[in-house]
Protein chains: 2
Amino acid sequence: MQMPVDQQTYRSAMARLGAAVNVITTADGTMRDGFTASAVCSVTDTPPTLLVCINRSSRSRPRFVQGSPVCVNVLASDQRGISDAFSGKLDPEHKFAFGCWDILQTGAPVLCGAAVSFDCRLASEIDVGTHSVLFCEVEATRMGAPGKSLMYLDRTYHELPYQIDVI
Amino acid sequence: MQMPVDQQTYRSAMARLGAAVNVITTADGTMRDGFTASAVCSVTDTPPTLLVCINRSSRSRPRFVQGSPVCVNVLASDQRGISDAFSGKLDPEHKFAFGCWDILQTGAPVLCGAAVSFDCRLASEIDVGTHSVLFCEVEATRMGAPGKSLMYLDRTYHELPYQIDVI
């Protein structure tokens, strides 16, 4: 049995996997919460489902349970401050002082001006090591106007353009 | 119960989630195979584990079983041809005519000149809708020289720079 690579080597290598920057939100009648994540990808379009990885030790983790509303907001390039706010240690409501927020279908907070938002329900989850993988079924989407997407690669923010409004 | 969004709307929205372009490979004594994937992300560093989503109807799918060697090769910007080859319908060995290939630890094909390669074993999997999510434990990594990463957003290739060689 081969030993896995050490954590530092893995993290340095993983810095080479570029990704979009997303703010993942939830809400119920009494609270809102959210966190920044780059470990987000599409799983299947039948039914439309994406996944989000979250650290099990995150203070936000207990907010996300089966059936929770979950919105995956893909950040635009002018939303670095929102990325930073939701990756820091602010109290949940202080995070939401950054940006303006709507709701769509599920009640999860939907970020104004995001590149795109996926309004979901948490359908299932699985724990792997230190993290949980949340499988989220998409109930509604909202596309922003053409612009630029916030990307993260090599421990640095970047931006890439998108044009298409509707296919 | 809310109906999910239709597939076309979901796909158009998902085109706004930028991602790195990766070629996922495997091999045993008699064959090599691989496919292009953008649905790849880190799960945990304890043990170092990433995930890859693959369509269950893909011809390559049966090659990936528990314990299989799996290499996740994150493409550099001059490797669009390799992305196209591994996303097309070529026979597996014809795909490998594109690029040059090494092995590291597990025996899975490792692409020369990739931004980074993660040499893994398939540790577990879960089916979600039309796709399988493959959880891959990383046994070795190889970083390329500083350069540019191939990215995909808005149904178009892009590139982003990376500098760091070793932290």
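**Entry 1: vocabulary and confidence**

Helices and strands in these notes are DSSP runs, numbered from the N terminus; a helix (H or I) has at least four residues and a strand (E) has at least two. With that settled, I could place Asp154(B), which sits in the loop between strand S11 (147–153) and strand S12 (156–162) of chain B. I come back to this residue in the last entry.

I kept in mind throughout that this is a predicted model. Chain A has a mean pLDDT of 95, and 96% of its residues reach 70 or more. For the complex, the predictor gives an ipTM of 0.95 and a pTM of 0.96. A friendly reminder to myself: where pLDDT is low, the predicted coordinates should not be read in detail.

**Entry 2: how the two chains are related**

I looked up the superposition next. A turn of 180° with a shift of 0.0 Å along the axis lays chain A on chain B, at an RMSD of 0.0 Å. The two copies are thus related as by a two-fold rotation axis. Which C-alpha of chain A is nearest the axis? That of Ala19(A) is, at 2.5 Å from it.

Then I turned to the interface. Of the interface residues of chain A, 100% are also interface residues in chain B, so the copies meet through the same surface.

**Entry 3: the sheet in each chain**

In chain A I found an open sheet of 7 strands in the order S3-S2-S6-S9-S10-S5-S4, paired antiparallel. Strand S3 (32–37) and strand S4 (40–45) of chain A are at the edges with a single partner strand each, so one side of each has no neighbour in the sheet. On average, neighbouring strands of this sheet are turned by 35° against each other, direction ignored.

I checked chain B as well. Its open sheet of 7 strands has the order S3-S2-S6-S9-S10-S5-S4, again with antiparallel pairing. The edge strands there are S3 (32–37) and S4 (40–45) of chain B, each pairing on one side only.

Some pairings I followed down to residues:

- Strand S2 (residues 22–27) of chain A runs antiparallel to strand S6 (residues 69–74) of chain A, and 4 bridges join them. Ile24(A) stands opposite Val72(A) in S6(A).
- In chain B, 6 bridges join S2 (residues 22–27) to the antiparallel S3(B). Val23(B) has Thr36(B) as its bridge partner in S3(B).

**Entry 4: an edge strand that is covered**

Is the edge strand S4(A) mostly buried or exposed? I found 6 of its 6 residues buried, so S4(A) is largely enclosed by the rest of the structure. In the sheet, 5 bridges join S4(A) to S5(A), and the two run antiparallel. Val40(A) has Val52(A) as its bridge partner in S5(A).

A hairpin through 2 residues connects S4(A) to S5(A). Pro47(A) is found in that loop between S4 and S5 of chain A. I looked at the peptide bond from Thr46(A) to Pro47(A): it is cis, with omega near -5°. The bond from Thr46(B) to Pro47(B) is also cis, with omega near -5°.

**Entry 5: helices across the sheets**

What lies across S4 of chain A? Helix H1 (residues 7–14) of chain B does; it also lies across strand S5 (48–55), strand S9 (116–128) and strand S10 (131–143) of chain A, and runs at about 160° to S4(A). The reverse is there too: H1 (residues 7–14) of chain A lies across S4, S5, S9 and S10 of chain B, at about 160° to S4(B).

H2(A) stays with its own chain, lying across S2 and S3 of chain A at about 110° to S3(A). In H2 (residues 80–87) of chain A, I noted Ile82(A), Ser83(A), Ala85(A) and Phe86(A) as buried. They cover an arc of only 165° around the axis, which puts them on the same side of H2(A).

In the loop between S6 and H2 of chain A, I stopped at Gln79(A). Gln79(A) has a relative accessible area of 6%, and buried means under 20%, so it counts as buried. Beyond four places in sequence, Gln79(A) touches Leu111(A), Cys112(A), Gly113(A), Ala114(A) and Leu150(A).

**Entry 6: unusual backbone angles**

Most residues other than glycine have a negative phi. Arg155(A), not a glycine, has a positive phi of about 60°. Arg155(A) lies in the loop between S11 and S12 of chain A and is partly exposed, with a relative accessible area of 37%.

Back to Asp154(B), as promised. Its phi is near 60°, also positive in a residue other than glycine. Asp154(B) is buried, with a relative accessible area of 7%.

Key: Residues are numbered from 1 along each chain as its sequence is written. Chains are lettered from A and ligands numbered from 1 in the order in which they are written. This is a predicted model: local features need pLDDT of at least 70, side-chain atom pairs count only at pLDDT 80 or more; totals for chains, interfaces and linings use all residues. Side-chain values use heavy atoms; hydrogens and water are left out. Two strands pair if DSSP finds at least two bridges between them. Contact means heavy atoms within 4.5 Å. Axes are lines fitted to C-alpha atoms, for helices over the stretch in contact, and angles run from 0 to 180 degrees between N-to-C directions. Copies are superposed by least squares on the C-alpha atoms of residues with pLDDT of at least 70 in both. pLDDT is the predictor's confidence in each residue, from 0 to 100. Buried means under 20% relative accessible area, exposed over 50%, partly exposed in between (1.4 Å probe, protein chains only). The arc is that of the directions from the helix axis to the C-beta atoms.
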